[in-house]
Amino acid sequence: MPFIKSLRAKTLLFALVPMVLVLVVAATIASSAYERVARDVVTQRDTELARVSAARLSEGLSQYTQPLQGIAVEDNVRSMEPARLDSAIERAQSLLHAFDGGVAIYNAEGLALAPRQATDFPVPSKLDQMRGTLRPVYSDVFEDAASGEDVILIGVPIVGDDGEFKGMLAGTCTLKYSLLGATYARVLEFEAGRSGYAYLVDGNRRVIYHRDSAQVGMELDTVPVIQVTEGKIGAVITEDASGETVVSGFAPVPGTGWGVVTRERWDVVMEPIRRYGALILWIMALGSVTSGALVFFSISQVLKPIRNLTRGAERIAGGDFDHTVVVNTGDEIEHLAHQFNAMSVVLKESFAELEKRLAERQRAEADMARASEALRESEEKYRLLVENQTDLIIKVDAEAKFQFVSPSYCALFGKAADELLGNSFMPLVHEDDRESTARAMEDLYRPPHTAYVEQRAMTRDGWRWLGWMDTAVLDESGNVTAIIGVGRDITKRKQAEERAGHLLDQQVTFNQLALALGETRDLDSIYQTIYVHIQALVDAWGFIVSSYDDETQLIRAEYAMHKGVKVDVTGFPPIPLAEPGQGTQSQVIHTGEPLYTPDHRQALEMSRTEYVIEQDGTIRPGPPPEKEDDATRSALYVPMKVEGKTIGLMQLQSPRLDAYTREHIDVLAGMANVAAVAVENARLLDTLQRSNEELQRHREQLEELVAGRTAELNQRITESEQLNRAMANLLEDLQAANHSLETTSARLEEINQELDDFAYVISHDLKAPLRGISQLATWIGDDYANILDEDGKRKLHLLTDRVKRMHALINGVLQYSRIGRSQEQAHPVDLNHLVRDVIGLLAPPAHIRVDIEDELPVIVGEPTRLAQVFQNLVDNGIKFLDKPEGEITIGCIDQGTHWQFSVSDNGPGIEQRHHDRIFRLFQTLAPQATSTGIGLALVKRIVETSGGRVWVESTAGAGSTFYFTLPKREKGERV
């Protein structure tokens with residue numbers, strides 16, 4: 001081994017080995033960190049990809065529920081009559097080609113009604129789900145009893161006018177042959193390399209769609225499939241059935257029980273990353289070889305003078321006297337010692353070579369410094385990635401003590417990292433959520449060693465809801481050594497869910513109250529029903545209903561309850577309406593808005609009239625005792641309004657301070673308006689009954705008059721038998737008069753029969769009694785015009801106007817409620833012909849001119865709805881004209897993607913503050929009997945349902961211009 005012992009070999013080993021070791025360690029650390037970051041990025045990418053695919057698939061499925069929903073709202077379908085159902089399905093076949101397994105209609109119990117060969121509903125659980133939600137349902141895969149094929153079922157509810165669930169319209173699609181496969185393929189195919197694809201599973205882990213058709217219908221038990229059927233969202237790296245490592249993202253499809261799973265080979269994902277890592281290693285290796293070559297060259301240059309001296313000494317020993325003779329011992333140092341006489345020359349040359357060696361060493365150190373800087377920059381990038389992460393990142397040990405906290409976590413909790421590290425995170429969790437958090441974290445100790453937790457935590461800004469996705473860190477034995485959690489603030493989502501629950505509870509309360517009030521017309525029963533429903537919702541320790549008479553301007557107590565006991569209100573004196581700003585009840589009447597006094601005693605000090613309800617229910621004036629435990633401490637006054645007019649108010653009292661919340665006030669305001677309608681209907685019915693009694697009295701008086709007249713005529717006939725033939729003509733006249741009386745008597749019997757029929761009709765729906773009232777009022781005005789006084793005629797005319805207004809109001813509300821639910825197929829409509837037909841139907845007076853300013857287009861839409869829009873706008877211009885000559889102009893402008901129409905008039909104009917109000921339901925600026933306040937609301941509903949908008953530009957006294965837009969549509973497109 002002479003080479004190893006040489007000075008050149010030793011120098012090379014000591015210079016190259018440390019440099020190579022440093023480069024190898026740096027390359028290993030950089031490659032490992034890069035691969036870890038790449039793994040996290042890929043799992044996040046696949047999670048988002050699965051979520052987006054699931055959302056897009058949910059939107060794509062709507063194109064199959066929309067045809068079913070369009071059919072389900074048809075009158076033939078909602079009738080639930082088998083013959084009409086068969087006809088409806090047959091007419092809609094062209095819209096249902098996607099349902100290759102057939103379409104059927106079931107009643108609320110799941111029995112098949114149409115077609116006749118259909119079997120009963122195969123998935124009872126989905127029928128129960130639809131009955132509770134009234135939303136479309138999507139079934140899991142099941143075997144069709146008739147064909148034996150694996151199928152899925154898509155159903156929509158059939159709902160009556162009263163919102164009652166009547167049945168289901170459902171379509172069946174086979175997994176292998178249905179057109180839904182095109183929708184799956186279009187939505188689920190994504191560009192993730194040639195090895196990546198997505199598939200769809202149902203709630204029972206059976207495959208609905210897969211790129212490999214052999215997989216369709218099979219049940220899978222892979223980790224991502226299990227996770228998605230549990231409603232989770234995320235991504236995992238696992239091995240598939242063939243042992244190949246894959247990365248899979250998963251997310252549930254909104255509105256269904258299905259889930260989307262993506263799959264991509266891990267080696268394909270990591271291939272470019274590893275190629276980049278290999279390239280870095282090759283660059284480092286090349287750098288090492290280059291550095292080694294430079295060092296080798298440098299050392300060779302350093303040792304060259306020594307070798308030259310050795311050769312020179314050998315030449316001198318051979319007889320070359322031009323050189324100094326040296327001692328030849330075989331060792332370089334020994335040769336240099338024997339050449340002492342040439343030391344000055346050797347030292348000079350050696351010094352020059354040492355300078356060159358120093359420069360080469362400095363270059364080598366510069367190369368190492370650059371390598372170290374590259375490593376430092378890589379570590380800095382990883383540190384910035386963690387510190388700038390907006391999500392919360394923590395790491396705790398098996399005892400739940402912090403090992404790492406991200407800057408975002410410290411910022412949220414307002415604590416430094418030193419305050420948290422080494423301490424348990426559980427004290428920061430709300431005590432009500434600690435048990436559920438501990439239970440959820442038990443999943444970390446069993447595969448797949450992940451858990452999702454939602455909890456409240458005390459942050460810098462108070463209690464906040466946080467959602468955590470936790471992952472366990474395992475050692476080589478599979479034991480949990482640490483837990484990494486990634487969290488996010490979900491407080492806004494939780495608050496939105498809570499608000500949605502409150503709104504649903506309010507709607508249920510309104511529906512229950514309306515149903516209960518619809519079963520009675522007795523005022524005391526109505527008041528009692530209102531009290532029972534309110535008492536179930538809030539603390540109604542004291543409850544008073546008062547009416548307000550606009551003519552007398554008096555507020556009068558009608559009903560009162562105290563601690564569950566009804567109080568006699570006859571002792572309550574009426575309260576005169578006070579000036580605005582004075583008196584609690586008067587303020588409510590003036591403003592039409594609820595008034596809440598959280599401290600009732602303080603409010604009583606400023607009130608004009610004070611009353612105290614004693615323990616036995618008696619009423620006495622004066623403020624309550626200061627130290628009485630059950631005295632009223634908070635009170636709420638809610639107006640009762642009908643068509644925007646306040647007819648009374650409800651007063652609620654509680655012995656607690658600040659007993660009512662904003663939500664209570666909103667719910668009670670809605671209940672008060674429902675109650676007001678019921679009270680007004682009961683009063684109207686009572687007025688009608690009193691009118692009938694008055695008519696009965698008039699009929700009895702008329703019968704007495706006829707009976708007396710008949711007796712008088714009979715007496716005259718008896719006396720006429722004693723007269724001579726000269727009185728024969730008079731007898732004939734009397735007989736004719738007697739015949740006329742008999743005809744009158746028969747007519748009276750007919751009127752009595754008609755009154756009986758009228759009483760029977762009242763028990764039916766609302767419109768039939770209105771028609772009866774109108775007809776009866778007409779007869780009374782004609783037959784008893786000479787009996788009724790002026791006051792009676794005025795009241796009769798008022799009753800007729802009220803009936804006409806109620807009839808118009810009902811028709812308007814029915815038209816308003818059907819918009820958006822009952823649709824017809826859109827087709828081209830020539831608006832020039834349609835508008836001229838509307839003008840001809842309205843027949844404007846001679847002093848009003850209606851012009852069509854521009855050539856109107858042919859648009860795709862519903863003719864009936866379009867006619868209603870133009871008819872209401874033109875009719876308003878005719879109806880409210882206040883000038884001797886009227887001008888109404890209809891125009892249109894092409895706005896590219898839509899048409900803009902205008903209807904202008906030179907009428908009285910509308911103040912700016914009323915521009916929004918006139919489009920609200922039951923709002924009108926003209927207190928006329930024929931104005932229902934529905935016309936412009938109907939126009940707004942039709943235009944907005946069609947995808948447009950409507951507005952008005954007007955000033956008082958300068959006329960008005962109503963604008964509305966309609967989008968351009970293709971033939972056959974649903975409006």
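Start at the second largest pocket, whose lining residues divide into 25 nonpolar, twelve polar and eleven charged. In that split, Ala, Val, Leu, Ile, Met, Phe, Trp, Tyr, Cys and Pro count as nonpolar, Asp, Glu, Lys and Arg as charged, and the others, Gly among them, as polar. A pocket here is an open set of points on a 1 Å grid over the protein atoms alone, where a 1.4 Å probe fits, with protein on both sides within 12 Å along at least five of seven lines; lining residues have an atom within 4 Å of a point.

Before you click on, note that this is a predicted model, where local features need pLDDT of at least 70 and side-chain atom pairs count only at pLDDT 80 or more, while totals for chains, interfaces and linings use all residues. Residues are numbered from 1 along each chain as its sequence is written, and side-chain values use heavy atoms, with hydrogens and water left out.

Now select Thr43, Gln44, Met469, Thr471 and Val486. The space around here comes to about 2200 Å³ in the second largest pocket, and of its 48 lining residues these five are the closest to the centre. The volume is the space filled by probe spheres set on the grid points, which are joined across faces, edges and corners.

Which element gives the most to this lining? Colour α2 and you have it, with ten residues. Other elements that each supply at least two include α10 (343-387), β15 (462-474) and β16 (480-489). Helices (H or I, at least four residues) and strands (E, at least two) are DSSP runs, numbered from the N terminus.

Next stop: salt bridges. One is counted when a side-chain nitrogen of Lys or Arg lies within 4 Å of a carboxyl oxygen of Asp or Glu, and the model has 25 of them.

- Pick Asp128 and Arg131, which pair up at 2.9 Å, N to O. They sit three residues apart in helix α5 (residues 124-133), so about one helical turn separates them. Asp128 is partly exposed at 47%, and Arg131 is partly exposed at 37%. (Buried means under 20% relative accessible area, exposed over 50%, partly exposed in between, with a 1.4 Å probe and protein chains only.)
- Hop to Glu399 and Lys401, joined at 3.9 Å, N to O. Glu399 is exposed at 58%, whereas Lys401 is partly exposed at 33%.
- Then try Arg913 with Glu911, at 2.7 Å between the closest N and O atoms. Arg913 is exposed at 62%; Glu911 is partly exposed at 37%.

Finish by selecting Glu244, Arg263, Arg265 and Asp267, which salt bridges link into a network.
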